[in-house]
Structures are given as structure tokens and as C-alpha cells.
Amino acid sequence: MLQCVQSMLSLSFLVTFAACDAPPVPLDDLVIEKTFVPEQCVRAVKVGDYVRYHYIGMFPDGKKFDSSYDRGSTYNVFVGKKQLIEGMDRALVGMCINERRLVKIPPQLAYGKQGYGEIIPPDSILHFDVLLLDVWNPEDGVQINTYYKPSDCSRKVEVSDFVRYHYNGTLLDGTLFDSSHTRMRTYDTYVGIGWLIAGMDQGLLGMCVGERRIITMPPSLGYGENGDGSDIPGQASLVFDVVLLDLHNPKDGITVSNQAIPEPCARKTVAGDFVRYHYNGSLLDGTFFDSSYSRNRTYDTYVGRGYVIAGMDEALIGVCVGERRSITIPPHLGYGEEGTGSKIPGSAVLVFDIHVIDFHNPSDKTEVTVTFKPEVCEKLTRKGDFVKYHYNASLMDATPIDSTYNYGKTYNIVLGANQVVPGMEDGLLDMCVGEKRHIVIPPHLGYGERGVTGEVPGSAVLVFDIELIDMEEGLPEGYMFIWNDEVSPDLFLEMDKNKDSQVEVSEFTDYIMQQVNDGKGRLAPGFDPYRIIDNMFNNQDRNGDGKITEEEFKLKTDEAANHDEL
């Protein structure tokens with residue numbers, strides 16, 4: 001008795017039988033014991049279905065006479081078409097996938113009085129431990145169960161589209177045979193043109209990016225009678241759990257959406273412009289791959305010259321300063337079949353959310369707009385004038401840079417003395433006191449490609465709102481000192497206070513300062529007067545001995561070819 005029970009346990013039975021030495025109990029009809037029933041039964045076997053199942057065949061005493069497990073393959077057959085003994089034909093009806101049944105079949109529903117050769121004796125009661133693995137019907141098509149669909153589904157998969165998706169592939173009983181996730185790369189293919197098994201070609205149609213589906217297909221739309229030769233047996237139904245990550249068509253161009261265009265928009269980019277913009281870059285499923293914001297600096301480039309991917313080159317034409325837009329770029333206008341390695345996979349659609357900060361053209365000049373002009377405006381600024389002005393400075397996106405109002409004092413410069421950027425020089429010319437101007441300065445007339453560390457980004461367009469507060473007329477070009485009156489014919493003698501026939505630095509300085517204080521002469525405004533006088537003295541001290549003799553001393557009018565200040 002103990003030996004018999006152990007034999008039955010070795011066959012993984014889940015049921016208890018009568019003692020081995022007890023006489024067999026006659027059966028009048030089929031007896032079915034459900035030894036395992038799955039929680040969900042999506043489909044039950046019907047007459048005419050094709051099934052794949054495993055079984056162990058035994059006599060009532062537990063002696064095994066056959067097993068599909070021993071052959072290493074399922075038993076595959078149509079149900080209800082007399083391809084099985086009658087008892088098994090009836091026993092399989094109503095079974096669910098992964099259900100397990102102990103079926104007891106009387107002789108009249110099995111091999112009857114004839115038995116089956118030397119294997120099944122006449123009038124044998126047969127027991128079968130059956131595990132159903134697969135069921136389908138010749139009339140079956142692809143079954144689709146969408147269990148997640150994004151709210152935004154502006155585009156669906158169509159025939160000839162190229163898709164990138166992840167999947168888990170299982171048999172109907174849940175046995176995993178393949179997964180793109182384990183390979184850590186998507187499956188990339190065209191849809192509807194025969195690159196996939198027919199069931200997948202059908203199952204992917206109509207999907208949105210981000211959608212998740214269970215696609216179930218009969219073997220006729222999968223790998224058919226022969227399977228794939230390794231993991232997928234013949235006549236197997238297939239189940240694919242699919243998430244669509246990407247979708248495009250080779251005919252696609254760029255798509256622009258979510259535009260926010262500022263008003264006014266006086267100028268739009270054209271080919272050849274230099275643009276500074278911020279962006280967030282992601283794949284079509286929302287996977288982030290890059291951002292200029294994370295680097296805390298704009299992306300700066302020429303547009304329309306092939307400096308960026310073709311889709312971005314196109315998308316940056318016709319934008320305004322301050323404009324925001326989302327750009328969808330198909331892979332043939334992005335990084336193509338190869339991608340960029342770890343961040344951007346091959347054949348990936350790209351999505352960029354961009355914000356245009358500023359742009360200019362290398363041919364741009366300073367743009368000056370007069371916002372206020374006094375009624376009386378007779379005296380205009382020119383090179384050499386000493387001007388005092390207030391300003392508010394910002395970038396094109398209105399980011400403030402600096403303001404004289406913060407310091408409570410004006411900014412003072414000499415025009416034409418390279419004390420400010422060239423664009424500001426242009427903006428301050430021909431201006432009268434009290435006038436206000438709006439000045440836009442391109443970077444090549446501002447701080448150039450390098451900018452000012454921590455203040456002005458490289459290649460930035462500058463915007464100044466200025467007001468001229470005061471001005472002092474400068475000297476003629478080339479002069480740092482001029483006489484207001486006639487020049488004394490005894491100029492050298494007047495400088496030579498100690499009458500030693502030579503003029504020292506102190507004598508020269510005292511004399512010039514006296515002339516300025518008396519209104520007889522003028523020094524160039526905006527400069528250190530003593531540095532000007534030192535320069536004048538050095539120009540007269542021809543031999544560099546620290547003294548000026550009468551022979552060395554000359555007025556500027558006597559030296560047309562040089563710039564001595566006397």
C-alpha cells in the first residue's frame with residue numbers, strides 16, 4: 001500500500017485514490033474532478049476548438065501507460081471532431097487555460113472491449129491527469145485588449161508607419177518566450193507591410209504613443225504549425241503585452257505645436273541669423289534626454305546653415321524673440337537610424353520645447369529708437385563730447401543686466417574714446433540733453449561671443465533704455481587742449497617762471513592749469529587733467545631729459561604732421 005501511494009505521488013497527483021489492492025470500481029459514465037481552476041477564465045473550450053494540453057494516462061491502480069511530458073511535447077488536437085476517444089472529447093469541453101482535471105473514463109467511452117494493442121487491455125478504465133495550455137478556433141482573429149490609453153492621442157498607427165515598441169511575449173498559459181525589456185532595446189519596425197507576423201501587423205494598427213495593449217493571436221496569424229523552432233511550439237497561440245513608445249512615417253516633416261507668440265513681433269528669424277534659445281528635449285513617450293536649462297546656458301547657433309539637425313534648422317526659421325513652441329522631429333530629420341548612443345536611440349522621434357531668447361544677424365547695426373525728444377534740441381552730441389546719461393540695460397528676453405538708477409549717479413564717458421561698446425557709441429551720437437532712446441545692440445557691436453562673465457551671456461543682444469542728462473562739448477579731433485583766446489607770443493617765457501631758459505614739469509603744469517582756470521584754454525573733458533598735461537609735456541620734451549628748452553617748444557599749428565597739444 002505504501003509503495004503504491006509513493007508511486008502516485010511521484011506523478012505529481014493532487015488527488016487521493018483508493019487503496020491499490022482494492023478491486024476497481026466500475027464506471028457507468030465520465031467522471032471529472034477539477035483539481036485546479038485558475039481565478040480567471042477568459043475562454044473555455046468549445047466543440048470545434050483546437051487545443052494543446054499535457055496529460056498523464058494511468059490505470060486506476062496508478063500504473064502509468066502514457067504521458068505527453070515524457071515525449072516533451074503537448075498533445076494537439078481538435079475537440080469534438082472524433083480525433084480523440086469519446087471520453088476525452090467530452091472531458092476537454094469547458095476547460096480553461098491552466099485548468100487541471102482528473103478525468104476518469106469508462107471503457108465504453110475509451111477503448112472498449114478491444115483495448116489498444118498491448119498498451120490498453122480490454123474493458124480498461126482510464127484515468128487522465130490533464131493540464132490545458134492553449135485553445136483557439138480556426139475562425140479566431142486577433143484579439144486586442146487596451147488596458148491603458150493616454151488622454152492625448154492625436155495620432156494612431158497606420159499602415160507603412162515605423163514604430164518602436166516594447167513587448168513581453170508569452171504563450172497562452174503565461175510561459176514567457178521573449179521580451180524586448182530583457183534586451184533593453186525596443187523592437188523597431190514598419191507596420192502593415194509584412195515585416196512582422198500577421199497578428200502583430202494587425203494588432204499594432206490604431207495604437208497611440210504611450211498606449212498599452214494585450215494582443216492575442218491564433219497560430220495561423222503567428223508562427224503556425226511549426227512554431228519558431230525553439231521557444232514557440234507549433235500551433236501555439238501567442239500573447240503580446242505591448243507598449244508603444246514611438247511612431248512616425250518616412251513621409252513626415254516637422255510638426256510645430258503649442259505656439260506662444262509674443263506681441264509685437266517686429267522681426268522673425270531668417271536663414272543666416274544667429275539664435276540663442278533654451279530647450280527641453282524628450283522622446284515621443286516623454287523620456288527626457290537633454291536640456292539647456294540644466295546647463296544654465298542657452299544653445300547658440302546659426303540657423304539655416306546646417307549647424308544643427310535638419311528638423312531644428314527648419315523649426316527655428318520664422319520665430320520671434322520670446323516665442324515658445326513645441327517641435328516634433330521625425331528621425332530622418334533628427335539623428336536617423338543610428339541615434340546618438342545612450343541618450344537617443346536609433347529611429348527615434350524627437351520632441352523639443354524651445355524658448356527663443358534672442359537672435360541677430362551678423363550684418364545688423366545698432367538699432368536706435370527715439371522715445372522722447374525735447375522741444376528745444378539744438379546742440380547734438382558728437383565724438384569728443386563728455387556725456388552723462390542714465391540707462392537701464394537688459395537682454396532681449398527682458399532679463400535685467402544693470403541700471404545706473406540703482407547707483408544713484410549717471411554713467412559718464414567721452415564719446416569716441418572707446419570707453420563703451422561700439423553699439424553704445426552709435427546710440428549716443430546726435431543726441432540732445434533730455435532726449436530718451438531705446439537702443440538694441442547686436443553682440444558684434446556689444447560684448448561679442450564671450451560676453452561678460454556672470455553678467456552678459458556670450459553672443460547676447462543688448463537692450464538699453466537711455467536718457468541723456470548732461471553733456472560738455474569736446475575738443476576738435478586730435479586735440480586734448482585748445483586755446484580760447486589768442487596765443488601769447490611770449491608763451492615760453494611766461495611758462496619759464498624762474499627764467500632759467502627751460503621749463504620744468506611743475507612750471508608747465510602750473511601754467512596750463514592757470515590758463516584753464518582763467519578761461520583762456522580748455523582741456524578735453526572727461527579725462528584726468530594732470531595725465532593730459534603730463535602727456536603734453538612729454539610731447540614737448542623732445543630729448544626726454546625732463547625739461548623743455550625754447551628750441552624744443554613748438555605750437556601744434558607749427559607741427560601739422562603731429563598731435564602735440566600746444
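## A tour of the disulfides

The structure, a predicted model, holds 4 disulfides, each being a pair of cysteine sulfur atoms within 2.5 Å. Local features need pLDDT (the predictor's confidence in each residue, from 0 to 100) of at least 70, side-chain atom pairs count only at pLDDT 80 or more, and totals for chains, interfaces and linings use all residues. Residues are numbered from 1 along each chain as its sequence is written, and side-chain values use heavy atoms, with hydrogens and water left out.

Begin with the whole chain, where the mean pLDDT is 91 and 93% of the residues reach 70 or more. Then select residues 1–23, over which the pLDDT is below 50.

Next, select Cys41 and Cys96, which a disulfide joins with an S to S distance of 1.8 Å. The torsion about their S-S bond is about -95 degrees, so this disulfide is left-handed. Cys41 lies in the loop between β1 (31–36) and β2 (50–58), while Cys96, 55 residues apart from Cys41, lies in the loop between α3 (86–91) and β5 (100–105); helices (H or I, at least four residues) and strands (E, at least two) are DSSP runs, numbered from the N terminus. Cys41 is partly exposed at 36% relative accessibility, whereas Cys96 is buried at 7% (buried means under 20% relative accessible area, exposed over 50%, partly exposed in between, with a 1.4 Å probe and protein chains only).

Move on to Cys153 and Cys208, joined by a disulfide with an S to S distance of 1.7 Å. Here Cys153 is partly exposed, with a relative accessible area of 23%, and Cys208 is buried, with 1%.

Technical notes:
Contact = heavy atoms within 4.5 Å.
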